[in-house]
Number of protein chains: 2
Amino acid sequence: MAITRQACVALDDADALAALRDRFILPDNVIYLDGNSLGALPRHVPARMRDVVGTEWGIGLIRSWNDAGWIYAARRTAAKIAPLIGAGADEVTVADSTSVNLFKLLVAAMRLNSGRDVLLTQTGNFPTDTYIAQGVADLLGAEFRRVDPDVGSVLTALGPRVAVLAMSHVDYRTGRIHPMRRITAAAHAAGALMLWDLSHSAGALELELDEAGVDLAVGCGYKYLNGGPGAPAFAFVARRHLDRARHPLTGWFGHAEPFAFADDYAPAQGIDRVQCGTPAMLSLLALESALEIFDGVSLTALRAKSMALGNLFIGIADATLEGLGVAVASPREASARGSQVSLSHANGYAIIQALIANGIIGDFRAPDILRFGLAPLYVRFVDVFDTVETIGRILRTGEWNQPKFLSRKTVT
Amino acid sequence: MAITRQACVALDDADALAALRDRFILPDNVIYLDGNSLGALPRHVPARMRDVVGTEWGIGLIRSWNDAGWIYAARRTAAKIAPLIGAGADEVTVADSTSVNLFKLLVAAMRLNSGRDVLLTQTGNFPTDTYIAQGVADLLGAEFRRVDPDVGSVLTALGPRVAVLAMSHVDYRTGRIHPMRRITAAAHAAGALMLWDLSHSAGALELELDEAGVDLAVGCGYKYLNGGPGAPAFAFVARRHLDRARHPLTGWFGHAEPFAFADDYAPAQGIDRVQCGTPAMLSLLALESALEIFDGVSLTALRAKSMALGNLFIGIADATLEGLGVAVASPREASARGSQVSLSHANGYAIIQALIANGIIGDFRAPDILRFGLAPLYVRFVDVFDTVETIGRILRTGEWNQPKFLSRKTVT
């Protein structure tokens, strides 16, 4: 029995979270399934940014560091992210990019576990995670290793030389969730520290960093947190490590007294030491404002909707895309899948371009992944129906097979 | 013969650059002399940012990386900064903060000159420059040394172990210009690389990095470049070093093919390798837009006005502040002075607070410096007159000596 569009409309009608979509501005006639690359624009953010630019910068000028509270913007923003990741506000900060924060925390980890000389990460990690880990290993004269991210392989690879294991919680290509508690515990049992990249988790999954005993984490502000393009990233350091965590990006915003203009560096007490230079304030204040979206939202309900969206996607795909060269590349078990469904197809790039031409925005990840982010704050069940139906039509008609869809753009 | 206010009005009337002030939004009834901490808001930027937020992010969403050209925003912005600092567009990039860029380039310098193990900087450098240099030296096992920034002391301190000499071109406290050509040549003669921090120069002084043979430089986007609070910073690497310059913040935006999602890091050709993570796009696009202010502006004329403003400031101070405990802390010779005048007074903090209460915004720098930025794009001669006159009144009346002006705020 095929799932009908009407049934999906009914699911939206019954969805207790459906009204959250109104908290966003979304383009007309577009189905946006790329919130795992760039989250949508919260409806209240443009007015806030007008005030930030026109009033706080333009009229307040330098006084806004005090009078508009810019100086505490990173702390306020971190305090909003902390409950989304199961951490204390004293363990989270917002600064720089995910890449820069990963660098800081990987160096800090190697220093915390200084008797060991292997930096272990996973194959198939997000590119910048791998590159930064290579940069850190090269810098410190450590050995860079990577292992398949399945639990068995990870367990085997952990050993007496591994200082830190760095993994992404959700695989950006397939959406597979790597079991945080189990892998963290295994790392600890082997004497390693555990660092998670939560870029494809935070804001869409329930996370319990403290309960899972995670040591270090980083994550992105512009995906499910909707902070705007290139929004500052967050960094988490478990309370027990804060006093000893030392990274080398010792800029003035991480100083114990940034405005004392002291002669020598001295780290701030606690998580503030993970700061470095002056925050990119326009981007930071957009992220802070965007996070109001989560006010009053149950992460449990959000996660339930995300799983239902994914199950629906896979169900319709199974029912309607058979024989068209498509495979489901994401875990079928919702509990093992992040807030996305990925398909694979040999002509994935062109199919995504054809979908975009039809007003359906997903993205392509080499070599053959069609990736659909199911941001539960604003994606509807009917969006899922229309997307899978359009994929079927594009494949059956061969609509994807046109020169304009086959030539690569810079960013996909 | 005292300088009259009327004479200053006449100077403004005769000023060929006076109309540039209209390119900015400035608060009513405020004299803003803190553009060396946070530049004023260019008048056209709010409309641009409304478009960036509402249209490019909100409607374009992920497509804006291609369709709105976000992917090339850093290159476009760098190409606007390059002529302001006497560099080629292929030698400049815009990314991260000044602190992060300084870290990258100091590590790159130590690697370029790897037979040497001393990182030399100056006393009295801007705090974050010192702290970052300490972080780099600690990280690499190099020796951190600092020397008084006068030419004689620097010449003496250079020696066979110095890998890199890192200095600020303009002293943030006094505004003293350190002679770029002479010190760069001395560093080279001693086999060291030369890195300049141009944070208090770029956009206000004529700079000729290429002609001076400078190796590396960093600078701030939010002071005289008016890019907005915490705007991204720039980095310069001389063409001759680009192929070998290697820094450890090897994020995906510095990769040879960022969107190929390759397995291993490979640096981009040329200056793009100095990039790291995803740029803070809202902040970057504000800076890019702000730089239009310099379209058609002669840096020679701008510098001439800046020197005239400073000479006027000192002239009126000499004539009217005698016996009030004030000393001129900046060089009296305009050619040795950046675009600021600093005074010293034992009660500097309270005097600055009293000035702010009078609508005149300068800033205080410990221990006793009253700092007045004379951004020649928007500061008028009459502003200088009114400021010095008000300082005199505040000192003569003792208006500064009130509890509300004596208690320290977080940021001054």
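Reader: Axes here are lines fitted to C-alpha atoms, for helices over the stretch in contact, and angles run from 0 to 180 degrees between N-to-C directions. At what angle do α11(B) and α13(B) pack?

Author: Helix α11(B) and helix α13 (residues 381-397) of chain B pack at about 25°, and their axes are 9 Å apart. Helices (H or I, at least four residues) and strands (E, at least two) are DSSP runs, numbered from the N terminus. One caution first: this is a predicted model, where local features need pLDDT of at least 70 and side-chain atom pairs count only at pLDDT 80 or more, while totals for chains, interfaces and linings use all residues. Residues are numbered from 1 along each chain as its sequence is written, chains are lettered from A and ligands numbered from 1 in the order in which they are written, and side-chain values use heavy atoms, with hydrogens and water left out.

Reader: Thanks! What does that make α11(B) and α13(B) to each other?

Author: They are roughly parallel, because angles under 35 degrees count that way (over 145 is roughly antiparallel, 65 to 115 roughly perpendicular, the rest oblique). The crossing of α11(B) past α13(B) is right-handed, the near helix being turned clockwise from the far one by less than a right angle (anticlockwise would be left-handed).

Reader: Which residues of α11(B) and α13(B) meet there?

Author: From α11(B) come K305(B), A308(B), L309(B), L312(B), F313(B), I316(B), A317(B) and T320(B), and they meet F381(B), V384(B), F385(B), T387(B), V388(B), I391(B) and R396(B) of α13(B). Contact means heavy atoms within 4.5 Å. By type, the set splits into 11 nonpolar, two polar and two charged residues. Here Ala, Val, Leu, Ile, Met, Phe, Trp, Tyr, Cys and Pro count as nonpolar, Asp, Glu, Lys and Arg as charged, and the others, Gly among them, as polar.

Reader: And chain A? How do α11 and α13 of chain A cross?

Author: Helix α11 (residues 299-320) of chain A crosses α13(A) at roughly 25°, with axes that come within 9 Å. That angle is why α11(A) and α13(A) count as roughly parallel. In chain A, too, α11 passes α13 in a right-handed crossing.

Reader: Back to chain B. What does α11(B) lie across?

Author: Helix α11(B) lies across β11, β12 and β15 of chain B, at about 25° to β12(B). Those strands belong to an open sheet of four, in the order β11-β12-β15-β14, with antiparallel pairing. Its edge strands, each pairing on one side only, are β11 (327-328) and β14 (363-365) of chain B. Two strands pair if DSSP finds at least two bridges between them.

Reader: How many bridges join β12 and β15 of chain B?

Author: Five, between β12 (residues 340-344) and β15 (residues 369-373) of chain B. Among the bridge partners, S342(B) goes with R371(B). Helix α12 (residues 348-357) of chain B also packs on the sheet, touching β14 and β15 of chain B, and its direction makes about 40° with that of β15(B).

Reader: Switching topic: which strands pair with β9(B)?

Author: Strand β8 (residues 193-197) of chain B pairs with β9(B) in the parallel sense over three bridges, and β10 (residues 233-237) of chain B in the antiparallel sense over four. V218(B) takes part on both sides, bridging to D197(B) and to A235(B) in β10(B).

Reader: Are the faces of β9(B) covered or open?

Author: Both are covered: L216(B) and V218(B) are buried on one side, A217(B) and G219(B) on the other. Buried means under 20% relative accessible area, exposed over 50%, partly exposed in between (1.4 Å probe, protein chains only).

Reader: Cool. How many residues of α10(A) are buried?

Author: 10 of the 10 residues of α10 (residues 281-290) of chain A, so the helix is largely enclosed by the rest of the structure. The cover includes β3 (41-42), α2 (45-60), α3 (64-67), α4 (73-85) and β4 (92-95) of chain A, together with α10 (281-290) of chain B.

Reader: Now two loops. Is R21(A) buried or exposed?

Author: Buried, because its relative accessibility is 18%. R21(A) sits in the loop between α1 (5-13) and β1 (24-25) of chain A. Leaving aside residues up to four places away in sequence, R21(A) touches L26(A), L377(A), Y378(A), R380(A) and D383(A).

Reader: And S114(B), buried or exposed?

Author: Exposed, because its relative accessibility is 59%. S114(B) is in the loop between α5 (98-112) and β5 (118-122) of chain B.
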